[in-house]
Amino acid sequence: MNQSISIELARRDSMWKELLETADPNKVEPQTLRKLRFFSGQAGIYRDSKNTQRYTKDNAGIAVSLLHTGRHYSDEISESEIIYHYPETSRSGLTDSNEIQSVKNAAIYNLPIFVISDVGKMRKVQIGKVVSWDDATSTFLVELNPLNFLAHPNEIDHLDDEPFVPKAPRLPSRTATVGNRAGQPAFKFNVFKRYGACCVVCDMRVLPLLQAAHIIPKKSDGTDDPRNGLVLCGNHHLAYDSGLFSFEPVSTRIHVSAKTTKDEIQLTRSDLRHLNKLPHIDALQWRWRQWSVDQREDE
Ligand SMILES: [Zn+2]
């Protein structure tokens with residue numbers, strides 16, 4: 001880390017210490033956050049350009065905080081991570097792109113940011129780490145209360161060189177009250193980043209209707225590795241999980257159950273060869289074997 005960045009890291013450390021001395025971070029008055037320079041009052045990304053612009057060549061500065069207003073899909077926030085959408089406002093284009101770049105810079109310079117959420121009239125503040133971003137879906141993945149800052153951002157981009165472990169049994173979720181198990185937003189982010197925001201069997205592109213599906217299902221301990229995932233629209237996710245179709249592992253050709261037809265369930269693709277990156281063959285193989293057994297039982 002170069003010297004000047006360590007000054008900014010120390011500044012964020014002392015901001016956090018000062019906050020803990022002043023208030024409960026789960027319930028802070030907005031004006032306290034403004035006074036301590038956590039944010040300046042407007043929605044979205046706060047980059048405190050006066051303090052952070054000097055560190056970056058691109059003039060964008062380094063984001064200090066993200067204000068999360070709760071207008072998220074339910075599968076985009078858990079106790080351990082959040083999918084944060086790029087701002088899209090009517091302000092000048094440069095403001096938005098500088099703000100987006102400032103969040104990327106937090107990842108590039110490996111600096112913590114503060115994630116602020118509304119709790120009635122009060123605010124909750126958590127420490128966050130920008131893990132990755134995806135320009136195609138205009139989203140950031142931010143880890144909340146991260147255990148370490150040393151792991152390299154965007155490590156997911158080199159995933160295909162890593163061994164694939166299809167099953168990942170996990171401890172019972174501690175996030176029952178939040179309504180989402182930890183890991184789900186990260187899984188969704190990573191699957192969308194890998195395959196693009198488009199149903200792989202019908203080309204539907206309407207973001208709120210798209211879901212990240214597990215190939216080896218969670219209930220069979222399927223891993224959250226994105227190579228065990230596919231982007232499907234809500235209908236085709238349901239159809240896939242009901243066994244109405246499956247993918248032949250080598251050719252990736254779609255086979256439809258004897259109960260229905262390709263036209264009836266509106267599949268427009270015949271295989272997955274249009275994708276830039278494919279799911280892992282071990283995951284497809286596992287699902288295909290299960291599906292083939294179920295098909296024979298149905299006969
Ligand atoms: Zn679809």
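**Notes on helix α7 and the β4–β5–β6 strands**

1. On one side of helix α7, Arg 289, Val 293 and Arg 296 are exposed. The model is a predicted one, and these notes should be read with that in mind.

2. The other side of α7 holds buried residues: Ala 283, Leu 284, Trp 286 and Arg 287. Viewed along the axis of α7, the buried residues lie within an arc of 160 degrees, so they line one face of the helix. An α-helix has 3.6 residues a turn, so residues three or four places apart point the same way. The cover over the buried residues of α7 includes β9 (245-247).

3. The length of α7 was also checked. The helix runs over residues 281-298, and its 18 residues should span 26 Å at 1.5 Å a residue. The C-alpha atoms at its ends are 25 Å apart, which agrees.

4. Turning to the strands, β4 (residues 113-119) pairs with β5 (residues 122-134) in the antiparallel sense, over seven bridges. Within this pairing, Asp 118 has Arg 123 of β5 as its bridge partner. The hairpin of β4 and β5 has two residues between the strands, and Gly 120 there takes a positive phi near 60 degrees.

5. Strand β5 also pairs with β6 (residues 139-144), in the antiparallel sense and over six bridges. Here the bridge partner of Val 130 is Val 142, in β6. β5 and β6 form a hairpin with four residues between them. In that turn, Ser 138 has a positive phi of about 55 degrees.

Definitions and conventions: Residues numbered from 1 in each chain as written. Predicted model: local features only at pLDDT ≥ 70, side-chain atom pairs only at ≥ 80, totals over all residues. Expected span 1.5 Å × (residues − 1). Buried ≥ 20, exposed ≤ 12 C-beta atoms within 10 Å, placed from the backbone. Arc of directions from axis to C-beta. Contact = placed C-beta atoms within 7 Å. Pairing = 2+ DSSP bridges.
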